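Biologist: I am new to this structure. Please take me through one part of it closely: the nonpolar core and what surrounds it.

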Amino acid sequence: MKRQKIRKLLLILSLLLFPVTLYYFSPALIFNAGMKGVINGSFLVFVAMFVLSVPFGRLFCAYFCPAGGLQECVFTVNDKLPKQGWRNKIKYVIWSVWILAVVVCFLNNKKELTVDFWFETEHGISVSEIQSYVIYYGILCLILIPALLAGKRAFCHYFCWMAPFMVFGTKLRRLLHLPGLHVKVKAKQNCISCGKCSKSCPMGIDIIREMEKGQVKSRNYIPGHLSECIQCGACIDQCPRSVLAYGFGAGPDDFS
Ligand code: SF4
Ligand code: SF4
């Protein structure tokens, strides 16, 4: 439980810092930078997300993402499980079109590539002018509205342009049979089907059902929506019978 308090505290701190960090997560600024031949802050942050997700999966979403923090703040208003399935694929369509556009911007640039982490920020601060506030509040609405209308972390499920980097990093790890952080079923025989794990999951994963599947699927099987697991550990911390645990391998009892 202490872990979840720390996790929520980190998310709130990240949310409070969002006016400073906004441009380092920006899917738009990377276009301006690309056309000028600049590798900017958001470019480097997205690369870091992909690389770090190979060993750590979507830990960033659980512990450090300001959008995650904002959405978890509205769980008290709407904690329904968002409809998933095909809706979860929307973000991959957005991501593919966006990545293609970024590549075109960089290919069209004729200048020599330079690196400027602070590109178009004011001394590193993103929201420093009145017009930046319009962008800032627009982004907050973009994140908040799906979560308010559709339920728990709906923006992450449907629209986040950063999640695919980490999903692909995790898939690469599995493809290469590398070890990495995941949630594993440690003692399924202790489960009393109380449902506390599923209820606590901020991503709305039906953990009991996935444990059942985990008994019959091979270790590299990745059910599509389990790419939605952000390794937050809430299910581990809520389980009264210590059925679940963090692991750092790829055993056959994994469900994430
Ligand atoms: S399955 Fe567990 S670790 Fe994964 S998102 Fe849900 S609560 Fe967090
Ligand atoms: S919280 Fe633990 S005991 Fe309860 S259903 Fe989940 S795994 Fe089983």
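Modeller: Here is the core, with the domains and the ligand shells after it. This is a predicted model; local features need pLDDT of at least 70, side-chain atom pairs count only at pLDDT 80 or more, and totals for chains, interfaces and linings use all residues. Residues are numbered from 1 along each chain as its sequence is written, and chains are lettered from A and ligands numbered from 1 in the order in which they are written.

The largest nonpolar core has 53 residues. Such a core joins buried Ala, Val, Leu, Ile, Met, Phe, Trp, Tyr and Cys residues through C-beta atoms within 7 Å. Buried means that 20 or more other C-beta atoms lie within 10 Å of the residue's own, with C-beta atoms placed from the backbone. Cys-61, Phe-155, Cys-235 and Leu-244 have the most contacts inside this core. The core lies between domain 1 (2-169) and domain 2 (179-247), because both give residues to it. Those bounds come from an automatic or database domain assignment.

The C-alpha centres of the two domains lie 26 Å apart. Their contact takes 20 residues from domain 1 and 16 residues from domain 2. Contact here means C-beta atoms, placed from the backbone, within 7 Å.

Now the ligands. Cys-235 is also among the closest residues to ligand 1, with Cys-201, Cys-229, Cys-232 and Ala-234. In total, 14 residues surround ligand 1. Around ligand 2 there are 15 residues, and Cys-191, Cys-194, Cys-197, Cys-239 and Val-243 come nearest. A residue counts as near if its C-beta atom, placed from the backbone, lies within 6 Å of the molecule.

How values were computed
Buried ≥ 20, exposed ≤ 12 C-beta atoms within 10 Å, placed from the backbone. Contact = placed C-beta atoms within 7 Å.
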